[in-house]
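Work through the following exercises with the sequence and the coordinates at hand. Try each task before reading its solution.

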Amino acid sequence: GCPKKIETSTSTYLTKLVIKGKLPIVVDAYKYLRNAFNIKCSTQTIQNAFKRAGLKSAIKVKKP
């Protein structure tokens, strides 16, 4: 098949940034990939990489 657009090491790095809170949404991760690594891919590709890493999307619980 085709080679992956996002390598495993890059995906791991992005996942760590998301967990730390530096890239809160997928669009931020997309812009970061485009600027820092010059990788052009869709936001869906990034979502798939996060899903493979075990991340799930959820709405923050509102606390009083």
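The exercises below concern a predicted model, and each one is followed by a worked solution.

**Exercise 1. Overall description**

State how many helices and strands the protein has, and give the order of the elements along the sequence.

Solution. Begin with the count: the protein has 3 helices and 0 strands. Reading along the sequence then gives the pattern α-α-α. For the extent, take the principal axes: the C-alpha atoms fill a box of roughly 50 × 25 × 20 Å. Next comes the surface. The accessible surface is about 5300 Å², and 56% of it belongs to carbon and sulfur atoms. Of the 64 residues in the protein, 22% are buried. Finally, consider contacts between residues at least 6 apart in sequence: 50% of these join residues at least 24 apart.

**Exercise 2. The span of helix α2**

Check whether the distance between the end C-alpha atoms of helix α2 agrees or disagrees with the expected span.

Solution. Helix α2 covers residues 26-37, which is 12 residues. The expected span is 1.5 Å times one less than the number of residues. For α2 this should come to 16 Å, and the end C-alpha atoms are 16 Å apart, so the two values agree. Then look just past the helix: α2 is followed by N38, whose phi is positive, near 55°.

**Exercise 3. The packing of α1 and α3**

Determine how the axes of α1 and α3 are arranged: roughly parallel, roughly antiparallel, roughly perpendicular or oblique.

Solution. Two packed helices are described by the angle between their axes and the distance between the axes. Here helix α1 comprises residues 8-20 and helix α3 residues 43-53; their axes come within 10 Å and cross at roughly 80°. Angles of 65 to 115 degrees count as roughly perpendicular, so α1 is roughly perpendicular to α3.

Now list the residues that meet. From α1 these are S11, L14, T15 and V18, and from α3 they are A49, F50 and A53. An α-helix has 3.6 residues a turn, so residues three or four places apart point the same way.

**Exercise 4. T15, R52 and K56**

Classify each of T15, R52 and K56 as buried or exposed, and describe the surroundings of each.

Solution. The cut-offs needed are under 20% relative accessible area for buried and over 50% for exposed.

- T15 is located in helix α1. Its relative accessible area is 9%, so T15 is buried. Leaving aside residues up to four places away in sequence, T15 touches F50, A53 and L55.
- R52 belongs to helix α3. Its relative accessibility is 54%, so R52 counts as exposed. Between the C-alpha atoms of R52 and S11 the distance is 9.3 Å, although the two are 41 residues apart in sequence.
- K56 sits in the segment after α3. Its relative accessible area is 79%, so K56 is exposed. K56 and T43 are separated by 13 residues in sequence and by 15 Å from C-alpha to C-alpha.

**Exercise 5. The cysteines**

Find how many disulfides the model contains.

Solution. A disulfide is a covalent bond between the sulfur atoms of two cysteines. The cut-off is a pair of cysteine sulfur atoms within 2.5 Å. By this rule there are 0 disulfides. For C2, the nearest cysteine sulfur is that of C41, 14 Å away, and C2 is in no disulfide. C41 is likewise in no disulfide, its nearest cysteine sulfur being that of C2. As for accessibility, C2 is exposed at 76% relative accessible area, whereas C41 is buried at 9%.

Terms used. Residues numbered from 1 in each chain as written. Predicted model: local features only at pLDDT ≥ 70, side-chain atom pairs only at ≥ 80, totals over all residues. Heavy atoms only, no water. Helix = DSSP H or I, 4+ residues; strand = E, 2+ residues; numbered from the N terminus. Buried < 20%, exposed > 50% of the residue type's maximum accessible area, 1.4 Å probe, protein only. Contact = heavy atoms within 4.5 Å. Areas by Shrake-Rupley, 256 points an atom, 1.4 Å probe, with all protein chains shown as cover. Axes fitted to C-alpha atoms, helices over the stretch in contact; angles between N-to-C directions. Parallel < 35°, antiparallel > 145°, perpendicular 65-115°, else oblique.
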